[in-house]
Amino acid sequence: MRKYRCVIVIVIIIFCWLLVGREKNTGWKDMSRHCKKQDKIVFLKTHKCASTTVQNIFLRFGEINKLNFVLPARGWQLLGYFSRRMIKGTPWEQAGMEYNILCLHTRWNEKEVVDVMGYGTKYITILRDPVDLFESQWGFFNFDQKYRM
């Protein structure tokens, strides 16, 4: 568990560093003078990798900065490979809204994501050691009970 917390802290630090962007290589102390806030972000969620925690950070960031989110008409995920059709017919899509943040569960489809988000977007995800990920999913989905092990 301690190892997992350390990984989460490192991911959050890297996430914050990427979120504000770096214009030149400076120390952390001078970063606020040389950074540009990003307002076009795609966070590709990965199951059991602290992605809900990071998603929450993005949602709060977007709300505080009055940014627009890619959202389905109902629910909280965009199931399957992402396509603009998933948001077709929504009031925000009909209004021609420009989107700033996509941070829901979906499957990667670069062409469609770029079409919706536009160029200049920062792309982020979280990777986790495959063995640790498997162990976490095994417990989360109760595979021991399903497979009677």
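In which sense do β1 and β5 pair, and over how many bridges? I looked this up before anything else, and β1 and β5 pair in the parallel sense over 4 bridges.

**Ground rules**

I am working with a predicted model, where local features need pLDDT of at least 70, side-chain atom pairs count only at pLDDT 80 or more, and totals for chains, interfaces and linings use all residues. I number residues from 1 along each chain as its sequence is written, and side-chain values use heavy atoms, with hydrogens and water left out.

**Sheet**

I followed the sheet outward from that pairing. It is an open sheet of 3 strands in the order β3-β1-β5, with parallel pairing. I count two strands as paired if DSSP finds at least two bridges between them. Strands (E, at least two residues) and helices (H or I, at least four) are DSSP runs, numbered from the N terminus. β3 (101-102) and β5 (122-125) are the edge strands, as each pairs on one side only. I also noted one bridge by residue: Val42 has Tyr123 in β5 as its partner.

**Cores**

Next I went to the nonpolar cores, meaning sets of buried Ala, Val, Leu, Ile, Met, Phe, Trp, Tyr and Cys residues joined through side-chain atoms within 4.5 Å. For accessibility I use under 20% relative accessible area as buried, over 50% as exposed and anything in between as partly exposed (1.4 Å probe, protein chains only). The largest core has 13 residues, and Ile41, Phe43, Phe58 and Ile101 have the most contacts inside it. β1 (41-44) and α2 (51-64) are the elements that give two or more residues to this core, and α2 gives the most, with 3. Another core, of 11 residues, lies apart from it and includes Val42, Leu78, Val116 and Met117. I was pleased to meet Val42 again here, in this other core.

**Pocket**

I then looked for pockets (1 Å grid over the protein atoms alone; an open set of points for a 1.4 Å probe, with protein on both sides within 12 Å along at least five of seven lines; lining residues have an atom within 4 Å of a point). The largest one holds about 230 Å³ of space, the volume being the space filled by probe spheres set on the points. Its lining has 14 residues, with Lys45, His47, His105, Thr106 and Arg107 nearest the centre. β2 (77-81) and β4 (105-107) each supply at least two lining residues, and the largest share, 4 residues, comes from β2.

**Aromatic rings**

Here I pair rings of Phe, Tyr and Trp (its six-membered ring) if their centres lie within 6.5 Å, calling planes under 30 degrees apart stacked, over 60 edge-to-face and the rest tilted. I get 8 aromatic pairs by this rule. Trp138 and Tyr147 are stacked, at 6.2 Å centre to centre and 25 degrees between the planes. Phe143 and Tyr147 are tilted, at 5.8 Å and 45 degrees. Tyr147 is exposed at 55% relative accessible area, while Trp138 is partly exposed at 25% and Phe143 is partly exposed at 23%. Ring pairs link Phe134, Trp138, Phe140, Phe141, Phe143 and Tyr147 into a cluster.

**Loop**

Last, I checked Arg85, in the loop between β2 and α3 (91-94). Arg85 is exposed, at 69% relative accessibility. Arg85 and Glu112 are 27 residues apart in sequence, yet 9.4 Å apart in space, C-alpha to C-alpha.
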